[in-house]
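This report walks through selected local features of one protein model. Please keep the sequence and the coordinates at hand while reading.

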Amino acid sequence: MFIHRTVLAAMLSLLSVCAQARDYRYSDAHLHYVDFFQESEGMKPLLQAMDVGRIDHVLISGIPVAKKWHEDEPKRPRYYAGDDGGAYWYSATDVLVADAVKRLPAEQRKRFHPFLSGFNPNDKNSDAHIRRMLELDPGLWQGIGEVFTRHDDLTALTYGETPRANNEAMTRIYHLAAEYDLPVLLHSNITSKRERNPLYLAELEEPLRNHPHVRFIWAHAGTSMEIHRHQQKLDFLLPTLERLLGEYPNLYVDLSWSVLQPYLLDADGKPDARWIELVSRYPTRFMLGSDVVGKFDGLREAMQAFVPFLDALPEKVARGVARDNFLAVLPRQRQAAVRD
Ligand SMILES: [Zn+2]
């Protein structure tokens, strides 16, 4: 009996070790250093939040538009959707990111992967601007984005025409991305707030097909909180992703917040078996992101929210999704620097 009890206790403690064994380390593949007013808490709180959240690496990007405090608005808006004031393309966002990263000591700097975002995706001169920025700071920028194309309410508030992921200006940018081996983080909603079909999918699919040497990270897998508010779960999202991942090996998927629920987890927080199957079938193609904007105290929670889903994946796949898949899309010459 005594032996039995000992064996039982040993088994129980082994079980609890197993349950806790998956102490994930993370990469945040979708982080904005500033908010829609180009303000940030700064690097110190960000570093603290990364350490608390076990986040080894981040994709650090600005915000490509600035929201105006319009003359007619009595109160300063707190978010882009706060009032009817417009937003305009804002290149200085990259200056803020570059400065913050360049001030870091070398040991910390290698955890940051700056993506350049401050350009107008409707302007066929934007590739020339990006090239100038790349040449101004050789080796600093490790990707392009987040590029805002179809972005529901934000699109409507941004001055000028609606950007498409397949327009001529973006095509020129993809050629530049291929030349510099830069991945592109692209926000291109799969549909509008009201249409229950993949209305804008062709705009994403055309560059996937035409630029096989560019690694595309599809922000939120084409979903948004606004789409959910209007039509809840899109039943065509999963089959569309299945098809795209099979056809385009250059497609990577950011699973950040609007994908987590209601797709990866159901209303009770249980992992969806079909998504587990999809991610397991394409184990190198998915990554996590927080999509925080300028404030960083929610970083740990943002990553922890994925744990029930990660725990349902095979362990090796889960560790790739949590941390390593993001590192593997960075420019090839960068990858050696982050291997440890
Ligand atoms: Zn974002």
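## Helix packing: H10 and H12

The model is predicted. Helix H10 covers residues 237-247, and helix H12 covers residues 273-281. The two pack with their axes 11 Å apart, at an angle of about 10°. H10 and H12 are therefore roughly parallel to each other, because angles under 35 degrees count as roughly parallel.

On the H10 side, the contact uses Leu237, Leu238, Leu241, Glu242 and Leu245. H12 supplies Arg274, Trp275, Leu278 and Arg281. By class, six residues of this contact are nonpolar and three are charged. No polar residue takes part.

## Helix H8 and its surroundings

Helix H8 runs over residues 201-210. Its buried residues are Leu201, Glu203, Leu204, Glu205, Pro207 and Leu208. What do the buried residues of H8 pack against? The partners are two helices, H7 (168-180) and H10, and three strands, E7 (184-187), E8 (216-218) and E9 (251-254). H10 thus appears in this packing and in the contact with H12.

Tyrosine 200 sits in the loop between E7 and H8. Its relative accessibility is 18%. Tyrosine 200 counts as buried because the cut-off is under 20%. Beyond residues up to four places away in sequence, tyrosine 200 touches Arg150, Asn189, Ile190, Thr191 and Ser192. Arginine 103 lies elsewhere: its C-alpha is 40 Å from that of tyrosine 200, with the two positions 97 residues apart in sequence numbering.

## The zinc site

Which residues coordinate the zinc ion? The ligands are His30 and His32, each through NE2, Glu146 through OE and Asp291 through OD. The distances are 2.1 to 2.2 Å. Angles among the four donor atoms span 79 to 162°. The site is irregular. A tetrahedral label would need all angles between 85 and 135 degrees.

Along the chain, the donors follow the spacing H-x1-H-x113-E-x144-D. Distant parts of the chain are linked here: histidine 30 and aspartate 291 are 261 residues apart. Histidine 30 belongs to strand E1 (residues 26-32). Aspartate 291 lies in the loop between strand E10 (286-287) and helix H13 (299-304).

Both of these ligands are buried. Histidine 30 has a relative accessibility of 0%, and aspartate 291 has a relative accessible area of 16%.

## Backbone geometry

Two zinc ligands also carry backbone features. Glutamate 146, in strand E6 (residues 143-148), is joined to glycine 145 by a cis peptide bond. Omega there is about 5°. Aspartate 291 has a positive phi of about 55°, although it is not a glycine.

Another cis peptide bond joins glutamine 261 and proline 262, with omega about 20°. Proline 262 lies in helix H11 (residues 260-264). Arginine 54 is a further non-glycine residue with a positive phi, at about 60°. Arginine 54 sits in the loop between helix H2 (43-52) and strand E2 (55-61). At 27% relative accessibility, arginine 54 counts as partly exposed.

## Alanine 100 and arginine 76

Is alanine 100 buried or exposed? Alanine 100 is buried, with a relative accessible area of 8%. Helix H3 (residues 92-102) holds this residue. Leaving aside residues up to four places away in sequence, alanine 100 touches Tyr33 and Met43. Glycine 42 is 58 residues from alanine 100 in sequence. In space, their C-alpha atoms are 7.8 Å apart.

Arginine 76 is placed in the loop between strand E3 (65-67) and strand E4 (87-89). With 38% relative accessibility, arginine 76 counts as partly exposed. Again setting aside residues up to four places away in sequence, arginine 76 touches Phe37, Glu39 and Trp69.

Terms used. Residues numbered from 1 in each chain as written. Predicted model: local features only at pLDDT ≥ 70, side-chain atom pairs only at ≥ 80, totals over all residues. Heavy atoms only, no water. Donors = N, O, S within 2.8 Å, 3.2 Å for Na, K, Ca; no water. Tetrahedral: all angles 85-135°; square planar, octahedral: opposite > 155°, others 65-115°. Helix = DSSP H or I, 4+ residues; strand = E, 2+ residues; numbered from the N terminus. Buried < 20%, exposed > 50% of the residue type's maximum accessible area, 1.4 Å probe, protein only. Axes fitted to C-alpha atoms, helices over the stretch in contact; angles between N-to-C directions. Parallel < 35°, antiparallel > 145°, perpendicular 65-115°, else oblique. Contact = heavy atoms within 4.5 Å. Nonpolar A, V, L, I, M, F, W, Y, C, P; charged D, E, K, R; others polar.
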